[in-house]
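Please examine the sequence and the structure shown here. The explanation beneath them leads through the architecture of the chain and its local features.

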Amino acid sequence: MKNIPSPDTVFPNEYGTTCFIKNVIKAPNIIVGDYTYYDDEKDPAGFEKNNVLFNYPVFGDKLIIGKFCQIASGTQFIMGAANHRLSSATTYPFNIIGGVWADVAPAHLSQLPHKGDTVIGNDVWLGRNCVVMLGVKIGDGAIVAAHSVVTRNVEPYCVAGGNPARFIKKRFDEELISLLLEFRWWDLPPEQLTEVLPLLCDSDLDRVKNEIRHKLSEKNGNADR
């Protein structure tokens, strides 16, 4: 039997800085896919405590991260409860300060804007010290440059960077992007994935296109029988 790395290990290699974070997450509103790792020299297993900020599940939002994502050291996700009331003359959260203010000011969480779940696709690379703001959607295969602040959605297989992060370029042409999104290699069983790893790491993109076309054709042909 092949020695295929297990997604259920906490530290997959000897370096001790890389953690498959789905195995250390406790919060019910943080959902992480297989093989997604956080890399940190100091505390890679402390991802939930150190890198997901203002996370109060009672607020109702989720952080959903797909499979095979690569999250560099210092990347942070800002959850919805970090926000402030925007619809009034002041943003100050009097209610949570306490005293009589807690009695006369509206309940803090009830007045916060809800921007929905933060969703990170599959095979996303988030560079060192990125900040991903609440409600952002980052598509499959996207790359976010180091020290970026992501305030808006990033399309699949695009590169974004800056503060605020802006579109820089598409990683591939439209044909290859379409093929990859249909192929969804991250959903392959471990044995099949192991077989296609040389293809996924091949820099001859024309060959990659041809091989994926062939595999999709075989798959669709089998499905039609």
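The paragraphs below treat the overall chain, its strands, a loop residue, its aromatic pairs and its pockets.

The model is predicted. The protein chain contains 6 helices and 15 strands. Its C-alpha trace spans about 70 × 35 × 35 Å along the principal axes. Of the 225 residues in the protein chain, 41% are buried. Among contacts with a separation of 6 or more, 47% are between residues 24 or more positions apart.

One sheet may be considered next. Here 4 strands form an open sheet with parallel pairing, in the order E4-E7-E10-E13. Strand E4 (52-53) and strand E13 (149-150) stand at its edges, each with a single partner strand, so one side of each has no neighbour in the sheet. Within this sheet, strand E7 (residues 76-78) is joined to strand E10 (residues 131-132) by 2 bridges in the parallel sense. Phe77 is found opposite Val132 in E10.

Strand E14 offers a further view of strand pairing. Strand E14 (residues 158-162) has 4 of its 5 residues buried, so it is largely enclosed by the rest of the structure. Strand E12 (residues 143-144) runs parallel to E14 and is joined to it by 2 bridges. In that pairing, Val159 in E14 is the bridge partner of Ile143. With strand E15 (residues 165-170), by contrast, E14 pairs in the antiparallel sense, over 5 bridges. E14 and E15 form a hairpin with 2 residues between them, and Gly162 has Ala165 in E15 as its bridge partner.

A loop residue comes next. Pro44 lies between strand E3 (37-39) and helix H1 (47-51), in the loop that connects these elements. Is Pro44 buried or exposed? Its relative accessibility is 5%, and a residue counts as buried under 20%, so Pro44 is buried. Leaving aside residues up to four places away in sequence, Pro44 touches Phe11, Gly16, Thr17, Cys19, Ile21 and Tyr38. Pro44 and Asn23 are 21 residues apart in sequence, and their C-alpha atoms are 12 Å apart in space.

The aromatic side chains can be followed through their ring pairs. Rings whose centres lie within 6.5 Å count as a pair, and by this rule there are 9 aromatic pairs. In one of them, Tyr92 and Phe94 have ring centres 4.9 Å apart and planes at 55°, so the pair is tilted. Tyr92 is partly exposed at a relative accessible area of 38%, and Phe94 is also partly exposed, at 31% relative accessibility. For Trp185 and Trp186, the ring centres are 5.5 Å apart and the planes are at 70°; because planes over 60 degrees apart count as edge-to-face, this pair is edge-to-face. Trp185 is buried at 9% relative accessibility, and Trp186 is buried with a relative accessible area of 2%. Ring pairs link these two tryptophans with Phe20, Tyr35 and Phe68 into a cluster.

Two members of that cluster reappear at the largest pocket. This pocket has a volume of about 940 Å³. Its lining comprises 38 residues, of which Phe68, Trp185, Leu193, Leu197 and Leu200 are the closest to its centre. Which elements each supply at least two residues of this lining? They are strand E1 (18-20), helix H4 (174-183), helix H5 (190-200) and helix H6 (205-224). The largest share, 6 residues, comes from H5. By class, the lining has 27 nonpolar, 5 polar and 6 charged residues.

The second largest pocket holds about 260 Å³ of space. It is lined by 12 residues, and those nearest its centre are Phe183, Leu188, Gln192, Lys215 and Lys219. H5 and H6 each supply at least two residues of its lining, with the largest share, 5 residues, coming from H6. Its lining has 4 nonpolar, 2 polar and 6 charged residues. H5 and H6 thus recur in the description: each supplies at least two residues to the lining of the largest pocket and at least two to that of the second largest pocket.

How values were computed:
Residues numbered from 1 in each chain as written. Predicted model: local features only at pLDDT ≥ 70, side-chain atom pairs only at ≥ 80, totals over all residues. Heavy atoms only, no water. Pairing = 2+ DSSP bridges. 1 Å grid on protein atoms, 1.4 Å probe; cavity = no way out; pocket = protein on both sides within 12 Å on 5 of 7 lines; lining within 4 Å. Points joined across faces, edges and corners; volume = space filled by probe spheres on them. Nonpolar A, V, L, I, M, F, W, Y, C, P; charged D, E, K, R; others polar. Phe/Tyr/Trp six-rings, centres within 6.5 Å; stacked < 30°, edge-to-face > 60°. Buried < 20%, exposed > 50% of the residue type's maximum accessible area, 1.4 Å probe, protein only. Contact = heavy atoms within 4.5 Å.
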